[in-house]
Each structure stands twice: as structure tokens, then as C-alpha cells.
Amino acid sequence: MKILAVSDQALDRIYALASNGQFKDVELILGCGDLPYAYLEYLVTILNVPLFYVPGNHDPAENRNRRETQAQGGSNLDLKLARFNRFLIAGFGGSVRYRPDGINQYNQLEAYLRALRLLPGLLLNRLQYGRTLDILISHSPPSGIHDDDDPAHQGLKALNWLIRIARPRYHFHGHTHFYRNNLSNWESLVNLTRITNVYPYKLIDVSH
Ligand SMILES: [Zn+2]
């Protein structure tokens, strides 16, 4: 299954790529946060495939009564699970807390408590499908992987824990911009999990 994953920066050229048919085989769009919802809605309209996304630290808190706090045509997967094309998918929004009043920001303990809320659904997956998770999407990277030392870009340890217990084949995240920390490496393998920094977009073929 071909996935278009996007995060952090709306690219002018993605409009050209989409209209040139570059994404014609894409069956699913994953949004890893910090993108204008109009950009996600445009991609859904053009590609006409499902969208799962998580909010980033620059996105608004979701309010079901306010249209501008959601991407229309997509599903906010923050702390939720979904199944698509037999792939088990889970989402974890937000970043590490670096401002006391920041939205979609969590300190390391808060992030662990949030991750625990995914446990019942993950256990049900295990019972029902014989595996816990195939794809994890988050805005933040895990701690020590594609993250940075400054207060706003440290990874969340709760994500390392989630990856350890749920063992997804794929983890997609955003939040880390290459130009800031000069990372040349956007993909890492941790045990059996392929961790991909999506910024600003990646086309990835996933298999069972
Ligand atoms: Zn961010």
C-alpha cells in the first residue's frame, strides 16, 4: 500500500506533484502535524483517499463544534486506533512541553499517561488480530531518535515505550526540521520498527 505522509510544511510543489499524477497510486494520506488543515483538505480532495492525522504543537485544540479545528474529510487519530486495508494504525499528537500554556504540548510524564490510554485498544488488537500495531503516527519523534537538544525539540520517551511494547512495523513522525539540526538521516530502524521523519513529505510503500 502506497502512503503519502506529510508534516510541518505546506510545499508549493506538492500541488504540482499531485496534479501531475505523482500520487495516483496513493491509497492513504497520513498527516503528522503542524500543517494548515486547508492543505490536508486539498490533498484529500485531489487524491480522494482517506486521511488520518495527528495535531502538532502549532495546531489548535480540537473542538468538534468548530470547523477550523479539524481537517474536513479526515480523521484526527490522536490517542485513537483505526484499521485500514488490514493495517492497524494508532496516533499520538503533540510535542514535548516547552511553554507552560502551550497547546498539544506534554511533559514526559503527561506523555506517558496519554500513551497508557492507547493500551486497551492495543490489547484488543492483539487478541483480535494476533498483533498489536502496524503503523504509529505521531507529531513528535521518540527520545534520542531524530530529535534535538533544545527544549522544543526533545523527543518523547513515551513514544520509545509505545514502540517497544506495540512493535509497529512503521512509525511516522514530524516536528524535526532538517535545516535546524542539520540531520542528514531521516530514517532509523529500532528492532523491527522503521522510524521515518516525514518532514516535509514522504511517499512510502508499506507491506504486511
Ligand atoms: Zn512541531
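Colleague: Which residues form the nonpolar patch on the surface?
Modeller: This is a predicted model: local features need pLDDT of at least 70, side-chain atom pairs count only at pLDDT 80 or more, and totals for chains, interfaces and linings use all residues. Residues are numbered from 1 along each chain as its sequence is written, and side-chain values use heavy atoms, without hydrogens and water. Patch residues have over 30% relative accessible area and no salt bridge, with nonpolar side chains (Val, Leu, Ile, Met, Phe, Trp, Tyr) joined within 5 Å and like charges within 9 Å; a salt bridge puts a side-chain nitrogen of Lys or Arg within 4 Å of a carboxyl oxygen of Asp or Glu. Together offering about 380 Å² of accessible area (Shrake-Rupley, 1.4 Å probe, only the protein chains shown as cover), the members are Leu109, Tyr112, Leu113 and Leu116.

Colleague: What is the relative accessible area of Leu116?
Modeller: Leu116 sits in helix 3, residues 108–116 (helices are DSSP runs of H or I, at least four residues, numbered from the N terminus). Leu116 is partly exposed (buried is under 20%, exposed over 50%, partly exposed in between), and its value is 41%.

Colleague: At what angle do helix 3 and helix 5 pack?
Modeller: Helix 5 covers residues 157–166, and its axis lies 8 Å from that of helix 3 (axes are lines fitted to C-alpha atoms over the stretch in contact, with angles from 0 to 180 degrees between N-to-C directions). The two helices are therefore roughly parallel (under 35 degrees), at about 30°.

Colleague: Which residue with a positive phi follows helix 5?
Modeller: Helix 5 has buried residues, among them Trp161 and Ile163. Next, with phi near 50°, comes Arg167.

Methods:
Buried < 20%, exposed > 50% of the residue type's maximum accessible area, 1.4 Å probe, protein only. Parallel < 35°, antiparallel > 145°, perpendicular 65-115°, else oblique.
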